[in-house]
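Look at the structure below and follow its chain with the text at hand. The paragraphs take one region at a time.

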Amino acid sequence: MNLIPYPQKIEFSKGEFIIPGNFILDEKLSKKEREYFKKYFGKFFTLAYGKNEEIHLVNALFPPSAQPLSEEQKKEKYAIEISPKRIVIQSYTEQGRFLALQTLIQLFEEYKTVKKIPAMKIEDQPRFAWRGMHLDVCRHFFTVDEVKQYIDYLAMYKLNTFHWHLTDDQGWRIEIKKYPKLTQIGSKRKESMIGAYVDNTFDGKPYGPYFYTQEQIKDVVKYARDRHITVVPEIEMPGHALAALSAYPELACTSGPFEVATKWGVFDDVFCPKDETFTFLENVLDEVIQLFPSQYIHIGGDECPKTRWKECAHCQELIRKNNLKDEHGLQSYFIRRIEKYVNSKGRKIIGWDEILEGGLAPNAAVMSWTGVNGGIEAAKSKHVAVMTPGAYCYFDHYQGDPQSEPNAFGGFTPLEKVYSYNPVPAELNAEQAKYILGVQANLWTEYILDFSHVQYMIFPRLMALSEVGWGTSDPENYKEFEGRVINQFKILDQMKVNYARSIYNIVGKVVPADSGIAYELSTSQNSNGIRYTLDGTVPTINSAAYERPVSVPASLTIKSAYFEGGQLKSAVSSQQFTVSKTTGKKITLEQQPNENYSFGGAFTLVDGIIGNARQLGKTWLGFQGKDVAATIDFGQKTAFTEVYFNTLENKGSWIHLAKSAKIFVSDDNRNFKLIKEIGTGEIQNAKGKIKVNVGTQNARYLKVNIENAGIIPAGNPGADSKAWLFVDEIGVN
């Protein structure tokens with residue numbers, strides 16, 4: 001069955017339901033459900049309404065259960081029984097019935113050509129209560145109609161939460177009647193960053209004013225509610241506040257003036273925790289709470305530099321007066337005060353995992369994005385958590401070979417990786433696991449200029465997220481899921497959705513081989529259709545057919561493509577190799593990279609591929625606040641005179657060049673001799689591309705220690721946070 005998410009239980013029986021030309025619906029369906037049914041099923045047949053024996057689709061309640069179920073268990077549970085005579089939907093709630101309709105839509109799509117559906121019974125309900133998708137409308141704005149389309153995509157695949165990121169440094173997108181300057185000033189910027197962040201280029205074009213009126217927000221919330229989707233608004237605090245401060249500079253620690261941010265990243269100017277700031281935020285939240293009936297209000301809480309607070313007399317007095325440990329304690333004070341106010345309105349707060357800094361507010365929920373540790377910490381302290389780690393759930397990352405993909409934030413999160421995610425960390429016991437509320441993917445839009453690109457970034461990964469959240473994903477059987485995804489593309493084609501076709505492209509993987517390394521090529525299609533070249537020319541149907549991993553004995557460029565019926569079906573994949581004496585050798589790391597930037601593990605540093613500074617996805621390892629200590633085993637004593645490696649600098653993204661480096665050799669992997677020290681100045685002069693003469697060496701082991709820049713100094717984006725160190729390809733000649 002090509003259903004996504006796959007149901008918990010399907011039992012087939014004899015016979016088939018013949019799809020009639022005139023389909024009679026149960027008249028007990030609500031007007032809203034009838035309209036929805038007409039919109040999605042009207043293309044299959046003529047619809048009519050009736051009762052008793054003539055009905056083709058019957059709407060019924062579940063009979064009383066032998067085991068009493070909670071309201072939460074009842075909410076999304078449904079069953080579908082398809083017999084030769086009719087289709088019967090059972091549910092406890094309208095929401096359960098709606099989920100059943102999504103399954104039926106997919107069934108009718110699958111069998112509409114043969115006009116008959118196998119008899120079966122489906123019993124189904126989700127594993128997780130929170131199955132969410134996020135959309136950032138601050139970096140780039142999307143219309144009400146586009147937001148509604150986004151909500152439709154969530155409904156199609158049984159997601160139930162829409163996280164609407166409405167305020168940030170680059171734009172304030174929600175009308176607040178008490179503070180009109182938020183949209184008069186904060187909803188526009190003088191220009192926008194374009195291209196890769198490292199290029200530091202701008203388009204020179206005013207952007208905005210773009211925002212949603214309160215009437216438009218009510219319309220979107222109702223639209224989502226009709227599809228049983230909860231809209232969770234996010235109002236960022238205390239950081240990511242430049243758009244608000246540009247309108248109301250008195251809310252900052254300094255006098256300003258401020259302007260809406262034109263570049264991406266994190267900025268030092270944040271809300272100052274003074275009484276007038278809290279009055280402002282409480283008034284804003286009053287209007288937000290009136291617009292959004294969701295149980296949770298997202299208050300951000302992430303990436304808040306403490307630079308201004310350290311220099312602010314009021315903040316320092318607040319720390320002293322309240323016996324707070326430091327500025328992290330002040331952040332906790334800020335969040336707790338906001339939480340107390342939100343709780344007084346009958347709501348709860350949820351925030352990114354930095355709200356754990358300095359101690360978690362009493363009733364707060366945590367959205368764990370920097371990894372899984374925030375969720376683990378929250379669950380162990382009996383706070384609910386939504387898991388959304390960047391390594392698996394950030395859909396602004398590349399999903400295919402960065403060379404053939406549109407510009408993206410970085411990282412590498414292909415469909416298979418999303419599908420492999422288990423939202424319940426292994427570190428939690430059964431009781432603690434109950435606090436994992438669910439899973440969510442996030443779409444930040446720094447590099448997403450229009451809605452067509454939004455579609456490209458979420459599809460087909462949203463399908464993998466859907467099945468992970470439903471609890472029926474099976475990473476061991478990924479290829480079966482991939483086949484269902486390809487079948488779902490027919491539905492997306494009908495809807496004219498611009499989905500990513502990366503699944504068809506050639507996937508290259510460097511593997512160790514007797515001769516050093518080999519390049520393994522694969523595709524979702526029949527690998528017999530892969531053709532490749534070794535001389536840099538574009539492959540044709542007459543090029544070498546791929547049969548086994550291609551040996552890479554020396555520096556060369558491999559280009560590959562997939563052909564079907566003599567026609568090119570994929571993008572042409574190109575990979576350049578730079579082979580040295582370390583290529584393919586055994587390598588170990590004393591500390592592991594951050595999971596967002598760990599593709600290929602330690603082997604990435606000896607895979608013969610030099611990292612592209614514009615693409616942090618597949619070819620770099622990223623370490624936050626950690627040094628790199630890599631030991632390479634040549635297998636035997638090896639002569640060399642030159643060592644090279646690369647590090648990156650992109651301060652806007654908290655990536656700093658290495659502070660220093662040391663190179664050692666050994667014959668026994670225990671006693672190491674220092675042969676070269678590289679200082680800060682040398683690294684900076686080389687712009688991170690280190691190539692040094694080490695004299696004539698002859699050793700079995702090479703050890704390279706690369707020192708992280710440490711804590712980011714004041715005056716830089718992310719000041720007081722741990723710097724990132726990105727490293728690639730350690731080679732010797």
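What follows goes through a barrel, a helix, a set of paired strands and a few unusual backbone sites.

The model is predicted. Begin with the barrel, which is closed by eight strands in the order S8-S9-S14-S15-S16-S17-S18-S21, with parallel pairing. On average, neighbouring strands of this sheet are turned by 30 degrees against each other, direction ignored. Strands of a sheet are held in pairs by backbone hydrogen bonds, and the pairing is either parallel or antiparallel. One pair in the barrel is S15, residues 296-300, with S16, residues 348-352; three bridges join these strands in the parallel sense. Within that pair, Tyr296 is found opposite Lys348 of S16. Helix H8, residues 275-291, packs on the sheet and touches S14 and S15. The direction of H8 makes about 170 degrees with that of S14.

Next comes helix H16, residues 451-458. Is this helix mostly covered or mostly open? H16 is mostly covered, as seven of its eight residues are buried. Among them are Phe451, Val454, Tyr456 and Ile458. The buried residues of H16 pack against strand S8, helix H4, strand S19 and helix H17. S8 also has a place in the barrel order. At the N-terminal end, H16 is capped by Asp450, which has a side-chain oxygen 3.3 Å from the backbone nitrogen of Ser452.

Further along the chain, the pairing can be antiparallel. Strand S32, residues 628-647, runs antiparallel to strand S35, residues 689-707, and 14 bridges join the two. Here Ala630 faces its partner Val704 in S35. S35 also pairs with strand S33, residues 660-666, in the antiparallel sense, over seven bridges. In this second pairing, Ser666 stands opposite Tyr701 in S35.

Some sites stand out by their backbone. Two peptide bonds that lead into a proline are cis. In the bond from Gly208 to Pro209, omega is near 5 degrees, and Pro209 belongs to the loop between strand S13 and helix H6. In the bond from Met237 to Pro238, omega is near -10 degrees; Pro238 sits in the loop between S14 and helix H7.

Other sites have a positive phi without being glycine. Lys158 has phi near 65 degrees and lies in the loop between H4 and strand S9. Is Lys158 buried or exposed? The relative accessibility of Lys158 is 2%, so this residue counts as buried. Glu729 has a positive phi of about 35 degrees and is part of strand S36, residues 724-732. With a relative accessible area of 0%, Glu729 is buried too.

Conventions. Residues are numbered from 1 along each chain as its sequence is written. This is a predicted model: local features need pLDDT of at least 70, side-chain atom pairs count only at pLDDT 80 or more; totals for chains, interfaces and linings use all residues. Side-chain values use heavy atoms; hydrogens and water are left out. Two strands pair if DSSP finds at least two bridges between them. Helices (H or I, at least four residues) and strands (E, at least two) are DSSP runs, numbered from the N terminus. Axes are lines fitted to C-alpha atoms, for helices over the stretch in contact, and angles run from 0 to 180 degrees between N-to-C directions. Contact means heavy atoms within 4.5 Å. Buried means under 20% relative accessible area, exposed over 50%, partly exposed in between (1.4 Å probe, protein chains only). A polar contact is a pair of N or O atoms within 3.5 Å; within protein, one must be able to donate a hydrogen and the other to accept it, and residues adjacent in sequence count only if both atoms are side-chain atoms.
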